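Visitor: I have a structure to look at, and I want to know how its labels are earned. Can you take me through them?

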Amino acid sequence: QVLLVESGGGLVQAGGSLRLSCAASGLTFSYDMGWFRQAPGKEREFVSLIIRGGRTYYSDSVKGRFTTSRDNAKNTVYLQMNSLKPEDTAVYYCAAFTGGTYYLIDNYGYWGQGTQVTVSS
């Protein structure tokens with residue numbers, strides 16, 4: 001059993017910040033870890049990826065505003081979200097990368113349950 005549990009979502013005003021956490025169990029945190037989000041009526045989209053050694057990748061829509069990091073000893077990955085916009089409103093998911101192109105959802109084999117982020121204008 002592989003479990004990924006997100007936390008830290010909530011309601012924030014535009015321009016504010018939130019930090020999401022993803023706690024992993026059952027996989028010794030050996031995977032590259034990604035974040036995705038899904039807004040109502042839209043497809044799930046790639047947000048960020050952090051490789052085991054720390055290199056990061058971001059979608060164009062969040063570059064310069066979001067930062068992903070990881071604490072391998074704690075089996076936890078983070079997404080620091082700054083300068084939030086109403087269009088960032090979505091359910092945010094963490095996922096374990098299992099091979100292939102980084103931004104395609106089919107290449108992530110394990111997913112958390114998601115945490116809601118709502119940004120008011």
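Guide: Start with a rule. A salt bridge needs a side-chain nitrogen of Lys or Arg within 4 Å of a carboxyl oxygen of Asp or Glu. Keep in mind that this is a predicted model.

Visitor: What makes Arg37 and Glu45 a salt bridge?

Guide: Their side chains meet at 2.7 Å, N to O. The cut-off is 4 Å, so the pair qualifies. Side chains of opposite charge can pair when their charged atoms come close.

Visitor: Is Arg37 buried or exposed?

Guide: Arg37 is buried, at 5% relative accessibility. Buried means under 20%, so the label fits. Its partner Glu45 is at 35% and counts as partly exposed. That value lies between the 20% and 50% limits.

Visitor: How many salt bridges does the structure hold?

Guide: Four. One of them joins Arg65 and Asp88, again with 2.7 Å from N to O. Arg65 lies in the loop between strand S6 and strand S7, and Asp88 in the loop between S8 and S9, so the pair ties together parts 23 residues apart in sequence. Arg65 is buried at 10%. Asp88 is buried at 1%.

Visitor: Which residues are linked in a network of salt bridges?

Guide: Arg37, Glu45, Arg65 and Asp88.

Visitor: What makes Lys63 and Asp60 a salt bridge?

Guide: The closest N and O atoms are 3.2 Å apart. That is within 4 Å, so the pair counts. Asp60 is exposed, with a relative accessible area of 66%. The limit for that word is over 50%.

Visitor: Now the sulfurs. How do you know that Cys22 and Cys94 form a disulfide?

Guide: Their sulfur atoms are 1.9 Å apart. The limit is 2.5 Å, so they pass. A search of the whole structure finds one disulfide. The pair links distant parts of the chain: Cys22 is in strand S3, Cys94 in strand S9, and 72 residues separate them. The angle about the S-S bond is 55°, and the link is right-handed.

Visitor: Why is Cys22 called buried?

Guide: Its relative accessible area is 0%. Buried means under 20%, so the name holds. Cys94 is buried too, also with 0%.

Visitor: On to the rings. How many aromatic pairs are found?

Guide: A search of the whole structure finds nine. Take Phe36 and Phe46. Their ring centres are 5.6 Å apart and their planes stand at 75°.

Visitor: Why is the pair of Phe36 and Phe46 called edge-to-face?

Guide: Two tests apply. Centres must lie within 6.5 Å, and planes must be over 60 degrees apart. With 5.6 Å and 75°, the pair meets both, so it is edge-to-face. Phe36 lies in strand S4 and Phe46 in strand S5, so the pair ties together parts ten residues apart in sequence. Phe36 is buried at 0%, and Phe46 is buried at 12%.

Visitor: What about the rings of Phe97 and Tyr102?

Guide: Their centres are 4.8 Å apart and their planes at 75°, so this pair is edge-to-face. Phe97 is buried at 10%. Tyr102, at 27%, counts as partly exposed. Ring pairs link Phe36, Phe46, Tyr57, Tyr93, Phe97, Tyr102, Tyr108 and Trp111 into a cluster.

Visitor: How do you know that Arg44 lies over the face of Tyr93?

Guide: Arg44 is 3.8 Å from the ring centre of Tyr93. The distance limit is 6 Å, so that test is met. The charged end of Arg44 also sits over the ring of Trp111, 4.9 Å from its centre.

Visitor: Which residues have the most contacts inside the largest nonpolar core?

Guide: Trp35, Phe66, Leu79, Met81 and Tyr92, in a core of 22 residues. Strands S3, S4, S5, S8, S9 and S11 each supply at least two residues of this core. Apart from it lies another core, of seven residues, including Phe46, Ala95, Phe97 and Tyr108.

Visitor: What does Leu79 contact, leaving aside neighbours within four places in sequence?

Guide: Among its contacts are Leu18, Leu20, Trp35, Val47, Phe66 and Tyr92. In soluble globular proteins, nonpolar side chains tend to be buried together.

Technical notes. Residues numbered from 1 in each chain as written. Predicted model: local features only at pLDDT ≥ 70, side-chain atom pairs only at ≥ 80, totals over all residues. Heavy atoms only, no water. Phe/Tyr/Trp six-rings, centres within 6.5 Å; stacked < 30°, edge-to-face > 60°. Helix = DSSP H or I, 4+ residues; strand = E, 2+ residues; numbered from the N terminus. Buried < 20%, exposed > 50% of the residue type's maximum accessible area, 1.4 Å probe, protein only. Lys NZ or Arg CZ within 6 Å of the ring centre and 35° of its normal. Core = buried A, V, L, I, M, F, W, Y, C linked by side-chain atoms within 4.5 Å. Contact = heavy atoms within 4.5 Å.
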